[in-house]
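Please open the model in a viewer and have the selection tool at hand. The stops below are meant to be followed in order.

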Amino acid sequence: MPDIRPTVGSGVLVLNATYEPLCVVSVRRAAILVLSAKAVCVADGEGFLHSVRHELPVPSVVRLTRYVRVPYRATVGLSRRAIFARDGWRCAYCTGPAETIDHVFPRSRGGRHAWENVVAACARCNHSKGDKTPAELGWRLRTKPAAPKGVAWRVLGHRAPDPRWASWLDLPAEEAAEAA
Ligand SMILES: [Zn+2]
């Protein structure tokens with residue numbers, strides 16, 4: 001089975017001054033923000049960073065000291081990773097670990113590639129579903145697929161969250177750990 005789960009890299013979650021999640025940056029970039037007093041560390045990662053004059057715990061989450069206005073984006077980009085994140089890395093049909101993306105109403109029959117028509121699925125369900133609809137098979141979706149909402153998706157759409165970020169992304173810690 002291919003390992004489609006991304007490993008937790010050494011990214012750092014950046015929060016706005018209001019604690020709203022903004023983006024993920026490299027440890028180096030986060031360290032510069034902290035050392036230049038543009039951000040403060042709110043959660044440590046593992047290990048220490050050394051420079052000539054400083055020893056700094058590797059940050060896991062930093063918060064900007066000044067509020068940054070961010071343009072509001074209404075829709076979350078549809079990506080493979082974002083679909084897995086929305087569906088908790090679980091198959092929409094059997095709840096087993098998801099490895100593929102399924103079009104609920106098959107593309108071969110005109111189904112759209114849109115948030116409302118895509119779900120994470122395990123390879124087995126996806127294969128046995130083929131070009132049928134769930135109704136034709138007597139299958140039921142656990143939830144009606146929809147575009148995800150909320151600021152946490154600025155981060156979740158792009159990468160798997162570090163479990164240490166769970167409380168700032170409004171995720172149950174368990175789910176974050178699973179997605180990681
Ligand atoms: Zn399945």
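Select F84 in this predicted model and display its surroundings: beyond its neighbours within four places in sequence, F84 is in contact with W89, A98, E99, T100, I101 and A120. F84 has a relative accessible area of 2%, and therefore counts as buried.

Keep F84 and add the ring of W89. The two form a stacked aromatic pair, with 5.3 Å centre to centre and 10° between the planes. W89 is likewise buried, at 4% relative accessibility.

Next, select Y93 and W139. Their rings make up a tilted aromatic pair, 5.1 Å centre to centre with 55° between the planes. Y93 belongs to the loop between α2 and β5, and W139 to the loop between α4 (134-137) and α5, so the pair ties together parts that are 46 residues apart in sequence. Is each partner buried or exposed? Y93 is buried at 13% relative accessibility, while W139, at 26%, is partly exposed. The count of aromatic pairs comes to two.

Now widen the view to the nonpolar interior. The largest nonpolar core has 22 residues, and those with the most contacts inside it are L13, V61, F84, W153, W165 and L169. Colour β1 (12-15), α2, β6 and α5 (153-156), each of which supplies at least two residues of this core; the largest share, four residues, comes from α2. A second, separate core of 14 residues includes V27, A31, L56 and V62.

From here, isolate β5 and β6. The two strands run antiparallel and are joined by four bridges. H103 stands opposite V118 in β6. In a regular strand, side chains alternate between the two faces of the sheet. On β6, V118 and A120 point one way and V119 and A121 the other, and all are buried.

Finally, select the zinc ion. Which atoms coordinate the zinc ion? The SG atoms of C91, C94, C122 and C125 do so, at 2.3 Å. Along the chain, these donors follow the spacing C-x2-C-x27-C-x2-C. Show C94 and C122 together: C94 lies in the loop between α2 (80-86) and β5 (100-103), C122 in the loop between β6 (118-121) and α3 (123-129), and the two are 28 residues apart. C94 is partly exposed at 37% relative accessibility, whereas C122 is buried at 9%.

Why is the arrangement around the zinc ion tetrahedral? The four donor atoms subtend angles of 101 to 116°, and four donors count as tetrahedral if all angles lie between 85 and 135 degrees. For reference, the ideal angle for four tetrahedral donors is 109.5 degrees.

Methods: Residues are numbered from 1 along each chain as its sequence is written. This is a predicted model: local features need pLDDT of at least 70, side-chain atom pairs count only at pLDDT 80 or more; totals for chains, interfaces and linings use all residues. Side-chain values use heavy atoms; hydrogens and water are left out. Donors are N, O and S atoms within 2.8 Å of the metal (3.2 Å for Na, K and Ca); water is not among the atoms, so sites may look incomplete. Four donors count as tetrahedral if all angles lie between 85 and 135 degrees; four count as square planar and six as octahedral if opposite donors are over 155 degrees apart and all others between 65 and 115; anything else is irregular. Buried means under 20% relative accessible area, exposed over 50%, partly exposed in between (1.4 Å probe, protein chains only). Two strands pair if DSSP finds at least two bridges between them. A nonpolar core is a set of buried Ala, Val, Leu, Ile, Met, Phe, Trp, Tyr and Cys residues joined through side-chain atoms within 4.5 Å. Contact means heavy atoms within 4.5 Å. Rings of Phe, Tyr and Trp (its six-membered ring) pair if their centres lie within 6.5 Å; planes under 30 degrees apart count as stacked, over 60 as edge-to-face and the rest as tilted.
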